[in-house]
Amino acid sequence: MEIVYVYVKKRSEFGKQCNFSDRQAELNIDIPPNPELAEQFVERNPVDIGIQCSTSMSEHEVNTERSEMETRGINHIEGGWPKDVNPLELEQTIRFRKKVEKDENYINAIMQLGSAMEHCIKQNDAIDLYQKYFDDEDAVEVMEEAPSAKTINVFRDPQEIKRPATHLSWHPDGNRKLAVAYSCLNFQRAPAGMSHESYIWDLENPNKPEIVLKPSSPLVTLEYNPKDSHVLLGGCYNGQIACWDTRKGSLVAELSTIEFSHRDPVYGTIWLQSKTGTECFSASTDGQVMWWDIRKMSEPTEVVILDITKKGQLENALGAMSLEFESTLPTKFMVGTEQGIVISCNRKAKTAAEKIVCTFSGHHGPIYALQRNPFYPKNFLTVGDWTARIWSEESRESSIMWTKYHMAYLTDGAWSPVRPAVFFTTKMDGTLDIWDFVFKQRDPTLSLKVCDEALFCLRVQDNGCFIACGSQLGTTTLLKVSKGLCTLQRNEKNIASSMFERETRREKLLEARLREMRLKEKGKVDDEPREEETPVDLEELVTKAEEEFFDIIFAELKKKETEAMKTSKPKQPSLEAEEEVEGEDKREEEGGGGGGGEEMPV
C-alpha cells in the first residue's frame with residue numbers, strides 16, 4: 001500500500017516566468033586603467049595562500065588488548081604406525097611398508113596425489129622466486145653520504161655500585177645478545193659491597209639483563225663458544241677460569257682449581273677451533289699462557305711461559321694483556337704484553353725456547369688490543385699508550401703504519417670484519433674513533449663522543465654495522481655506523497693490499513739502511529786503537545752526577561731570582577733618585593763649608 005501526498009502551489013507564487021533568447025554581445029561599460037590609483041595600494045610579494053588538496057580524514061584512538069608472547073617448541077617424531085608395529089624395529093616397518101604398497105587403494109591414492117604434486121613442482125620450476133639477477137654487478141662505490149654513527153641502545157649496570165665494563169662478546173647465532181663482563185681493575189681499591197655479577201643482555205630489552213652470571217670472583221673477560229652458543233668462558237680477577245652453560249642456570253658449571261690457575265687477573269681468553277669445541281686458552285699478567293679443556297678443568301693441558309730470554313723462567317716472564325689467535329694459522333698465536341712488546345709464539349714447537357718465535361716492540365706502555373686483519377692475517381693491529389699501530393710479520397724492527405699521538409690514552413681497538421681498511425679505537429676521554437686509511441691517513445674518518453667517562457672496551461658485530469662500547473661506569477652503548485663504513489668498497493681489497501706491501505717494502509729498506517750504518521760505525525770503532533780501560537769508580541760517578549744535578553738546580557734558582565728582581569725593579573727608581581738628591585745636597589753643604597775655610601788664608 002503506497003501513501004501519496006500531493007503538494008499544491010499556485011503558478012503566481014513561483015514568480016515571473018523567464019524567457020531566454022540568443023543575441024549579440026553588448027559592451028555595457030569600459031573603464032581604462034589608471035596608474036595613479038596603484039599608488040594607493042601596497043603590493044604583496046610573495047603571497048602565501050594555504051591550499052589543502054588532500055581529503056579530510058578523521059582520527060580515532062583505540063586501546064587494543066595487550067597480548068603476551070611466548071616461545072614454545074615442538075619435537076616432531078615419526079608416527080602413524082599401527083599399535084602392533086614397533087617403529088624402532090626396522091624389520092617390522094619394512095614388512096608393513098611392503099604390505100601397504102601392494103594395496104590397490106594405496107596405488108590409486110598415490111596416482112591421484114602424484115598429478116597434483118607434479119603440477120605444483122612444474123609451477124615452482126617455471127619461475128625461480130629466489131633468483132638473484134644482479135650477481136655480476138661490481139661492488140658498491142664509495143658512498144656519497146658522510147660517515148656517521150648513531151646510538152641504538154644503552155645498557156646500564158643495574159648495580160648501585162657501578163663497575164667498569166671490561167670485556168664484551170657477541171652471541172654467535174644472529175648476534176641477538178651481548179655478554180658483558182664487569183670488574184674493578186684497581187688493585188685493592190674495589191669498594192666494599194661491590195657485586196661480582198656479569199650479565200647477558202638482549203638487544204631488544206635494555207631495562208633488565210636476560211641472564212645473570214654469578215662467578216666466585218669478578219670477571220675480567222667473557223667469551224661465547226662459537227660452536228655452542230649456550231657455553232661461555234670467563235677469566236676471573238683471581239686468576240681462575242670459569243665456564244657457564246646457560247641451560248643449567250646462573251651458577252658456574254666448571255671452574256679451574258686455584259692451585260693450577262693463573263696468579264694474576266686473566267686478561268685474555270680465546271676458544272680454539274677444535275673438533276670437540278671444548279678447547280680454549282688463556283693469558284694473564286703473571287706471564288703464563290695456559291691451554292684448557294672444559295671437560296677437565298682441574299689443571300691446564302699445557303703451559304707456556306712468556307720469557308723472551310728463552311730460559312723459561314717465570315720471574316723473567318712478561319705480563320700478558322691481550323691475546324690473538326687466527327684459526328687459519330692453528331699453531332701460531334700472539335700475545336700483547338704490559339711492557340709494550342708483542343710476542344709471536346708457536347704452540348707446536350718441541351722446546352720451551354723454540355715456542356717464543358720473535359718479538360715486535362714499539363709501544364711505550366701496555367698493549368690493550370691485538371688483532372690480525374681478517375683479510376690479510378700477516379698484518380695485525382696493536383693499540384697501546386697514545387697510538388694505534390699496524391704491523392707486518394715480515395718487518396720486525398718497527399710498525400709499517402701508525403696513528404698520530406693522541407692527547408688521551410687509547411684503551412681498545414678492533415678491525416672491521418667487512419672492510420680491510422677500517423678499524424676502530426676507543427680513548428680515555430670517552431671518544432670512539434673510526435679510521436679508514438684508504439680515505440684518510442692522518443686523522444680518523446669519524447670521531448664520536450660516546451659518553452663523558454672513559455671507554456674501556458669495544459666489540460664489532462660480524463656484519464660490521466653495530467659496535468658495542470663499554471665504559472668506566474659500566475654503561476654499554478650500542479652504535480650503528482652508516483652504510484658506507486660497513487660496505488665493501490670497489491677495489492678496496494686491492495688498494496689495502498698494495499698499501500700494506502708498499503709500506504712493508506719501505507720499512508725493509510729503512511731497516512737495511514740502518515743495519516749498514518751500524519756496521520760502518522762498528523767497523524770504525526774496531527779500527528780505532530783501543531785505549532786502556534781504566535777501572536770505573538761507581539761512587540765517584542754518583543757524586544759527580546749529584547754535583548751536576550745540584551749545579552743545574554742552583555742555576556735555575558738564580559735565573560728565577562734575577563727574573564724576579566727585573567720584574568720588581570720599576571718600583572725602585574723613585575727611592576734611588578731621592579737618595580741621590582739627598583746625597584747631592586749633603587755634598588753641596590759640605591763643599592760650601594770647605595770652600596770658606598780655604599779662602600781664609602788667602
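# Chatting about a predicted model

Me: How accessible is Phe554?
Reply: Phe554 has a relative accessibility of 47%, so it counts as partly exposed. That value sits between the cut-offs, under 20% for buried and over 50% for exposed. Keep in mind that this is a predicted model.

Me: Okay, and where is Phe554?
Reply: Look at helix 5, which covers residues 538–568; Phe554 is in it.

Me: Which residues form a nonpolar patch with Phe554?
Reply: Phe554 shares a surface patch with Phe549, Phe550, Ile553 and Leu557. Together, the five have about 480 Å² of accessible area.

Me: Let's zoom out. How many helices and strands does the protein have?
Reply: There are six helices and 28 strands.

Me: And how much of the protein is buried?
Reply: The protein has 602 residues, and 35% of them count as buried. As for its surface, about 42,200 Å² is exposed, with carbon and sulfur atoms supplying 52% of that.

Me: What about contacts across the sequence, how many are between residues 24 or more positions apart?
Reply: Taking the contacts with a separation of 6 or more, 50% are between residues at least 24 positions apart.

Me: New topic: Ser198. Buried or exposed?
Reply: Ser198 is buried, because its relative accessible area is 0%. You'll find Ser198 in strand 4, residues 198–202.

Me: What does Ser198 touch?
Reply: Leaving out residues up to four places away in sequence, Ser198 touches Val180, Ala181, Tyr182, Ile211, Val212, Leu213 and Leu219. With Tyr182 there is also a polar link: a polar atom of the Ser198 side chain lies 3.2 Å from the backbone nitrogen of Tyr182.

Me: Is there a cluster with Tyr182 in it, and which residues form it?
Reply: Tyr182 belongs to an aromatic cluster with Phe155, Tyr199 and Trp201.

Me: Nice, aromatics! How many aromatic pairs are there?
Reply: Searching the whole structure gives 19 aromatic pairs. One of them is Phe281 with Trp291, which is stacked because the ring centres are 5.4 Å apart and the planes are at 10°. Planes under 30 degrees apart count as stacked.

Me: Where do Phe281 and Trp291 sit in the chain?
Reply: Phe281 is in strand 11 (residues 279–284) and Trp291 is in strand 12 (residues 288–293), ten residues apart. Phe281 is buried at 1% relative accessible area, and Trp291 counts as buried at 2%.

Me: And what kind of pair do Trp415 and Phe423 form?
Reply: That pair is edge-to-face, with 5.6 Å from centre to centre and 70° between the planes. Both Trp415 and Phe423 are buried.

Notes. Residues numbered from 1 in each chain as written. Predicted model: local features only at pLDDT ≥ 70, side-chain atom pairs only at ≥ 80, totals over all residues. Heavy atoms only, no water. Patch = residues over 30% accessible without salt bridge, like charges linked within 9 Å, V, L, I, M, F, W, Y side chains within 5 Å. Areas by Shrake-Rupley, 256 points an atom, 1.4 Å probe, with all protein chains shown as cover. Salt bridge = Lys/Arg side-chain N within 4 Å of Asp/Glu carboxyl O. Helix = DSSP H or I, 4+ residues; strand = E, 2+ residues; numbered from the N terminus. Buried < 20%, exposed > 50% of the residue type's maximum accessible area, 1.4 Å probe, protein only. Polar contact = N/O pair within 3.5 Å; in protein donor to acceptor, adjacent residues only side chain to side chain. Contact = heavy atoms within 4.5 Å. Phe/Tyr/Trp six-rings, centres within 6.5 Å; stacked < 30°, edge-to-face > 60°.
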